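Me: Please take a close look at one part of this model, beginning at the front end of the chain. Then tell me how that part fits with the rest of the protein.

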Amino acid sequence: MSYNGYTNYETWNVALWIDNEEGLYSERVDMAQRAFDDADGDDAAEKSDNARYALTDSLKDWVESMQPDLGGTMWGDLLSAALSEVDWTELADNWLSEVDGYDEALNASRKVRVAD
């Protein structure tokens, strides 16, 4: 089941809040661009995969660093449970698709995988 085009409510909610707060939006755009620019790879396929992995990890760490300390409470447990449902890779894929050059690298990656 999808939610507004996302895998689930939790993923959509993270995307919604980040994209609708100017400072967070600017940071996530910069993070995606840096992940792509800094990604190593012998070819476009490897570069796109490495950018995807790097951004997935960075996004998860970044959002979790903003999490308030709710201690050992019901609210803390609920927040942790919700964050564990977020599809970080889906967010990385969506946001990397806005980066110049990523779509070309991703298409090259898909062609390599089909040929294998």
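Reply: N4 lies in the segment that comes before α1. The model is a predicted one, and that applies to what follows. The phi angle of N4 is near 50°, a positive value in a residue that is not glycine. Most residues other than glycine have a negative phi. N4 has a relative accessibility of 55%, and because the cut-off for exposed is over 50%, N4 counts as exposed.

After this segment the chain is helical in pattern. Along the sequence the elements run α-α-α-α-α-α, that is, six helices and zero strands. Buried residues account for 31% of the 116 residues in the protein.

The helix that follows N4's segment, α1, covers residues 9–19. It has a part in the largest pocket, which holds about 280 Å³ of space. Of the 13 residues that line this pocket, N13, V14, W17, V63 and L83 are the closest to its centre. Two elements give two or more residues each to the lining, namely α1 and α4. The largest share, six residues, comes from α1. By type, the lining consists of eleven nonpolar residues, one polar and one charged.

Helix α4 spans residues 74–84 and contains W75. W75 also belongs to a nonpolar patch on the surface, formed with L70, M74 and L78. Together these four residues have about 430 Å² of accessible area. W75 has a relative accessible area of 55%, and since exposed begins over 50%, W75 is classed as exposed.

Now to the charged contacts, starting with D19. The side chain of D19 makes a salt bridge with R28, and the closest N and O atoms are 2.9 Å apart. The two partners have different accessibility classes. D19 has a relative accessible area of 31%; that value lies between the 20% and 50% cut-offs, so D19 is partly exposed. R28 has a relative accessible area of 2%, and because buried means under 20%, R28 is buried.

R28 has a second salt-bridge partner in E98, with an N to O distance of 2.8 Å. This pair links distant parts of the chain: R28 is in helix α2 (residues 22–38), E98 is in the loop between α5 (88–96) and α6 (102–115), and 70 residues separate them. E98 is partly exposed, since its relative accessible area of 48% is not over the 50% needed for exposed. D19, R28 and E98 are thus joined in one network of salt bridges, with the buried R28 bonded to D19 and to E98.

Another contact to set beside this network is the salt bridge between D93 and R52, at 2.7 Å from N to O. This pair too links distant parts of the chain: D93 is in helix α5 and R52 in helix α3 (residues 44–65), 41 residues apart. Both ends fall in the partly exposed class. D93 has a relative accessible area of 25%, which is not under 20%, so D93 does not count as buried. R52 has 26%, and the same cut-off therefore puts R52 in the partly exposed class. The salt bridges of the model come to five in total.

Helix α3 also holds L55. At 1% relative accessibility, L55 counts as buried because the value is under 20%. L55 can be placed relative to R28: the two are 27 residues apart in sequence, and their C-alpha atoms are 9.4 Å apart in space.

The stretch of chain between α2 and α3 is a loop, and G41 is found there. G41 is partly exposed, with a relative accessible area of 40%. A51 lies ten residues from G41 along the chain, and the C-alpha atoms of G41 and A51 are separated by 9.4 Å.

To return to the part you asked about: N4 sits in the segment before α1 and is exposed. The helix after this segment, α1, supplies the largest share of the pocket lining.

Terms used. Residues are numbered from 1 along each chain as its sequence is written. This is a predicted model: local features need pLDDT of at least 70, side-chain atom pairs count only at pLDDT 80 or more; totals for chains, interfaces and linings use all residues. Side-chain values use heavy atoms; hydrogens and water are left out. Patches are made of residues with over 30% relative accessible area and no salt bridge: like charges are joined within 9 Å, nonpolar side chains (Val, Leu, Ile, Met, Phe, Trp, Tyr) within 5 Å. Accessible areas come from the Shrake-Rupley method with a 1.4 Å probe; for residues, only the protein chains shown count as cover. Helices (H or I, at least four residues) and strands (E, at least two) are DSSP runs, numbered from the N terminus. Buried means under 20% relative accessible area, exposed over 50%, partly exposed in between (1.4 Å probe, protein chains only). On a 1 Å grid over the protein atoms alone, a cavity is a set of points where a 1.4 Å probe fits but cannot get out, and a pocket is an open set with protein on both sides within 12 Å along at least five of seven lines; lining residues have an atom within 4 Å of a point. Grid points are joined across faces, edges and corners, and a volume is the space filled by probe spheres set on the points. Ala, Val, Leu, Ile, Met, Phe, Trp, Tyr, Cys and Pro count as nonpolar, Asp, Glu, Lys and Arg as charged, and the others, Gly among them, as polar.
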